[in-house]
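I opened this entry to look up how the strands and helices are arranged. I start with the sheet and then turn to the helices.

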Amino acid sequence: CAPLHGRESVAGVIYVDVGSSTHPLTENDLELLSAVARVVGVAVENARLYRENVEQERLAAIGMATAGLGHCIKNILTGIRGGAQFVNMAIEKEDLNYLNRGWPILSRAMERIDMLVMNMLTISKDRAPERTRTEMNSLIRDVISLFEARAEKRSVGLSFEPSESPYAHVDGRGMYRVLVNLLVNAVEACEHNKGSISVSCSCTETACTIVVRDSGIGIPEKILPQLSQVFVSSKGNSGTGLGLACSFKIVREHGGDITITSEEGKGTEISVFIPEPLTPESNDSAAAAE
């Protein structure tokens with residue numbers, strides 16, 4: 001019999017019995033058993049420590065996610081309460097001017113809830129992109145159209161340089177969400193200084209590259225390496241920290257990547273690189289129609 005000695009405690013024992021054999025165990029057998037028990041004891045202790053560390057990391061991740069989401073939802077609810085107050089005043093005083101002030105706040109809060117839910121669903125699980133032959137210029141124009149009214153109202157310039165060869169094999173829904181997240185950030189970065197945003201697209205036989213540039217407030221240098229992580233935001237309390245993390249995840253599921261260069265006070269450039277798959281799933285009927 002030999003104890004399973006770990007580094008700090010005894011994890012158990014090993015018991016060996018010869019049974020009905022007439023061959024007795026010797027001192028050499030005991031020494032060998034003790035040596036094996038020492039190795040096994042350390043291994044058992046390491047396994048227990050690993051399990052404890054995994055559990056601690058899991059609880060820490062749950063806590064961080066709960067705190068991050070709670071903070072995001074709290075900020076959205078603050079906007080909803082503010083907008084609702086204006087709507088109540090409009091009803092009580094029968095004055096549409098209050099409604100004109102309250103409804104944009106509520107509308108913006110609903111947009112943020114929609115983005116939060118969609119980004120949470122994207123972050124929550126891995127998925128293989130459903131790549132099809134996609135007209136990237138049309139996809140980008142659709143996303144830009146969502147922000148034209150807001151950009152014009154805030155005196156933010158918004159331009160697009162289309163690709164001469166616009167087709168790429170991508171997951172259209174995933175790339176739509178990536179572009180929405182990038183343009184939300186760009187517009188918010190330019191609202192205070194009436195800056196400008198330019199979007200360009202270039203598709204070749206091997207890859208598709210989309211670049212979003214803005215002349216906004218920029219991103220602090222110390223935050224740049226962390227932007228692919230969940231709940232990391234350059235916007236402070238006003239950001240969810242999910243948009244860019246979600247975009248990184250979608251692009252990397254395509255086998256591509258996102259690079260960000262920025263300088264505080266001068267603007268940001270975000271480049272999205274999507275390589276063409278080795279065996280693209282072309283839509284033959286679409287190609288025939290062309």
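Below are my notes on the sheet, the helices that lie across it, and one helix pair.

Entry 1, the sheet. I noted beforehand that this is a predicted model. I looked up the strand order and found an open sheet of 5 strands, ordered 4-6-7-9-8, with mixed pairing. I then checked the edges: strand 4 (157–161) and strand 8 (257–263) each pair on one side only. On average, neighbouring strands of this sheet are turned by 10° against each other, direction ignored.

Entry 2, one strand pair. I looked at how strand 4 is joined to strand 6 (residues 196–203): the two run parallel, with 5 bridges between them. For Glu161, I found the bridge partner Ser200 in strand 6.

Entry 3, helices on the sheet. I traced helix 3 (residues 136–153) across strand 4, strand 6 and strand 7 (207–214), and its direction is at about 175° to strand 4. Helix 5 (residues 243–253) I found lying across strand 8 and strand 9 (267–275), at about 140° to strand 8.

Entry 4, a helix pair. How do helix 3 and helix 4 run relative to each other? I read that their axes cross at roughly 30° and come within 9 Å. Angles under 35 degrees count as roughly parallel, so helix 3 and helix 4 are roughly parallel to each other. The crossing is right-handed.

I also listed the residues that meet: those in helix 3 include Leu139, Ile140 and Phe147, and those in helix 4 include Met175, Leu179 and Val187. By class, this contact has 13 nonpolar, 1 polar and 3 charged residues.

Terms used
Residues numbered from 1 in each chain as written. Predicted model: local features only at pLDDT ≥ 70, side-chain atom pairs only at ≥ 80, totals over all residues. Heavy atoms only, no water. Pairing = 2+ DSSP bridges. Axes fitted to C-alpha atoms, helices over the stretch in contact; angles between N-to-C directions. Contact = heavy atoms within 4.5 Å. Parallel < 35°, antiparallel > 145°, perpendicular 65-115°, else oblique. Left-handed = near helix turned anticlockwise from the far one by under 90°. Nonpolar A, V, L, I, M, F, W, Y, C, P; charged D, E, K, R; others polar.
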